[in-house]
Amino acid sequence: MNQQLAGYAPTPVAARMENHGRAMLKVAMASGQDLFARTGSMVAYEGFIQYEPNPPAIRQLASQWVTGEGAPLMKCSGDGLLYLADYGADVVVVNLDNDAISVNGTNLLAFDAHLQFGVERVKGLAKFTGQGLWNVQIGGTGWVALTSRGTPVVVDCGRGEDETYVDPDALVAWSPALKVKGKRSFKASSLIGRGSGEAYQMAFSGQGIVVVQPSEDSTDRLRARG
C-alpha cells in the first residue's frame, strides 16, 4: 500500500511557499517567519506550529474587514511544514520582489506576516455602484498565496493599447499600478443567466497583470446598491 501512495508523499522543500498538487499549499515554517492565513484553511502540519485567531495586527483593521472585503485571518508561527487549502480551489503562489498586488479578499489564502497590507477602496468605481469595491493590497518582498475557482488566466495588460475588461465576480487579483474604471452594459446578453439586465465590467489599462478565475464569485462583489 505504501508503494501505491508514494506519489502523493511530500516533496523536498524548495521554497517558502509552493504547491502540493493544484489545490494545496505547502509552507516551510521557521521561527521568526510568521504567516497570516485564512482562518480554517489548515488541513495538516508537521512539527510545532501555533495558531492565533484574529491577531492584533488584524483587529486594527476590523472595521475595514467588515465594511470591505471579508478576509478573516489567523497568525501561524513555529517550525515545520504547514499545509493549507480552501475547499479544493486551485492555489496560485506569488513571490513579491519589492512589488505589490491587489487581491480580492475571498481569494486570499496566506501571506508572509512581515509584508505590508491594508484594505483599500478601488478608485473610479463608486459612481457605478454607490459603495464601490474594496480589495486587500499587499506589498513588499515575500510570499503570497491566492486561490482560484479553477485554473486562472493571467492577462498581461501591457502588451497593447487596448483595455482589458473583466467581470468583477471572476476577478482574483491585479497589479495596483493599473488604472481601473467601471463600465456599464445594457446589452441583451446581460439578461441571460445571472445577469439582471444591467451588467458591470472593470476596465484595466497600463502596465501590469490581471488574474481571472473561470468561475464567478457568488458574493456579487460589484452590484448596484440603493
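## Salt bridges in a predicted model

The structure holds 6 salt bridges, a salt bridge being a side-chain nitrogen of Lys or Arg within 4 Å of a carboxyl oxygen of Asp or Glu. This is a predicted model, in which local features need pLDDT of at least 70 and side-chain atom pairs count only at pLDDT 80 or more, while totals for chains, interfaces and linings use all residues. Residues are numbered from 1 along each chain as its sequence is written, and side-chain values use heavy atoms, with hydrogens and water left out.

**Exercise 1.** Find which parts of the chain the pair of Arg-16 and Asp-112 links, and decide whether Arg-16 is buried or exposed.

*Solution.* Begin with the contact, where the two side chains meet in a salt bridge at 2.8 Å, N to O. Next, place the partners: Arg-16 is in the loop between helix H1 (2-5) and strand E1 (17-19), and Asp-112 is in strand E7 (residues 108-112), 96 residues apart; helices (H or I, at least four residues) and strands (E, at least two) are DSSP runs, numbered from the N terminus. Finally, Arg-16 is buried at 11% relative accessible area, and Asp-112 is buried at 4%, where buried means under 20%, exposed over 50% and partly exposed in between (1.4 Å probe, protein chains only).

**Exercise 2.** Determine how far apart the closest N and O atoms of Asp-34 and Lys-75 are, and where each residue lies.

*Solution.* The closest N and O atoms of this salt bridge are 3.5 Å apart. Asp-34 lies in the loop between strand E2 (25-29) and strand E3 (35-38) and Lys-75 in strand E5 (residues 73-84), so the pair ties together parts 41 residues apart in sequence. Asp-34 is partly exposed at 22% relative accessible area, and Lys-75 is partly exposed at 26%.
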